[in-house]
Amino acid sequence: MKLVRLIYSSAVTRDMSLQDLKGILDCARSNNSSLGICGMLCYENNYFLQVLEGERAKVSELFIDIADDPRHDEIELLGFEYIEKPLFDNWKMGYAGGSPIFQKMLEKLEMDAFEPGKLAPRQALAFLHHLSSHQSEI
Ligand code: FAD
């Protein structure tokens, strides 16, 4: 079985309430569980950054569905690579938003505001991985 890691960024098409985010996460957690997919979603400043890990065909198919979702656009693929072992396997879909740690990470990257499309693939992965141990409860 070929495992892959996919990272993308996108911009929301309308304001996201906490309830909207919860709807996305509930759906992701339930679907991803049955697909054997894990990952992490960040939302801030009207942008999403998400990593998906799992079987290649399942991740590709899910990404096509997600990319088609009218709640966001400006999808940019930041990374797609084979992996030996998932990094995010403790989370069906973890979540991090504008916490103090999140802000600290932005300062480290010398970013005034979260603009994930500007991150290099390695930076995006390091960002998501660091935040996976400092998640926001939703
Ligand atoms: P349906 O719920 O029937 O969706 C039908 C269509 O309506 C789809 O195009 C769907 O995108 C859209 N849709 C659904 N709910 C809404 C809504 N409230 N407002 C507007 N349009 C809507 N799903 C996962 O399974 N795993 C993930 O990791 C995941 N991550 C996501 C990350 C982001 C940033 C976003 C925006 C969505 C994510 N989703 C994820 C949701 C995904 O895009 C689909 O909505 C979900 O997979 C269900 O799609 P469906 O076609 O099976 O069902």
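**A five-stranded sheet with packed helices**

In this predicted model, Asn45 is partly exposed, with a relative accessible area of 37%. The residue is placed in the loop that lies between β2 and β3, and its phi is near 55°, a positive value in a residue other than glycine. Asn46 is found in the loop between β2 and β3 as well, and there phi is near 70°, again positive although the residue is not glycine. For Asn46 the relative accessible area is 37%, so that this residue too counts as partly exposed. Such values stand out because most residues other than glycine have a negative phi.

The chain as a whole contains 4 helices and 5 strands, and the elements follow one another from the N terminus in the order β-α-β-β-α-β-β-α-α. The radius of gyration of the chain is 14 Å, close to the 14 Å that the globule rule gives for 138 residues, and the chain is therefore as compact as a globular protein of that length. Along the principal axes, the C-alpha trace spans about 40 × 30 × 25 Å. Of the 138 residues in the chain, 42% are buried, while the area that the chain exposes amounts to about 7,500 Å², with carbon and sulfur atoms supplying 50% of it. When contacts between residues at least 6 apart in sequence are considered, 82% of them join residues at least 24 apart.

The strands form an open sheet of 5 strands, in which the order is β4-β1-β3-β2-β5 and the pairing is mixed. The edges of the sheet are occupied by β4 (72-82) and β5 (94-96), each of which has a single partner strand, so that one side of each is left without a neighbour in the sheet. From one strand to the next, the twist averages 15°. In general, strands of a sheet pair through backbone hydrogen bonds, either parallel or antiparallel. In the case of strand β2 (residues 38-44) and β5, the pairing is in the parallel sense and extends over 3 bridges, and within this part of the sheet Leu41 stands opposite Tyr95 in β5.

Two of the helices can be described by their packing on the sheet. Helix α1 (residues 18-35) packs on the sheet and touches β2, β3 (47-55) and β5, with a direction that makes about 155° with that of β5. Helix α4 (residues 121-132) likewise packs on the sheet, where the strands touched are β1 (3-12), β2, β3, β4 and β5, and the direction of this helix makes about 95° with that of β2.

The cysteines of strand β2 were examined for disulfides, for which a pair of cysteine sulfur atoms must lie within 2.5 Å. By this rule the count comes to 0 disulfides. Cys38 takes part in none, the nearest cysteine sulfur being that of Cys42, 15 Å away, and Cys42 is in no disulfide either, with the sulfur of Cys38 as the nearest one at 15 Å. Because the relative accessible area of Cys38 is 4%, this residue is classed as buried, and the value of 0% for Cys42 means that Cys42 is buried as well.

Terms used: Residues are numbered from 1 along each chain as its sequence is written. This is a predicted model: local features need pLDDT of at least 70, side-chain atom pairs count only at pLDDT 80 or more; totals for chains, interfaces and linings use all residues. Side-chain values use heavy atoms; hydrogens and water are left out. Buried means under 20% relative accessible area, exposed over 50%, partly exposed in between (1.4 Å probe, protein chains only). Two strands pair if DSSP finds at least two bridges between them. Axes are lines fitted to C-alpha atoms, for helices over the stretch in contact, and angles run from 0 to 180 degrees between N-to-C directions. Contact means heavy atoms within 4.5 Å. The radius of gyration is taken over C-alpha atoms; the globule rule is 2.2 Å times the number of residues to the power 0.38. Accessible areas come from the Shrake-Rupley method with a 1.4 Å probe; for residues, only the protein chains shown count as cover.
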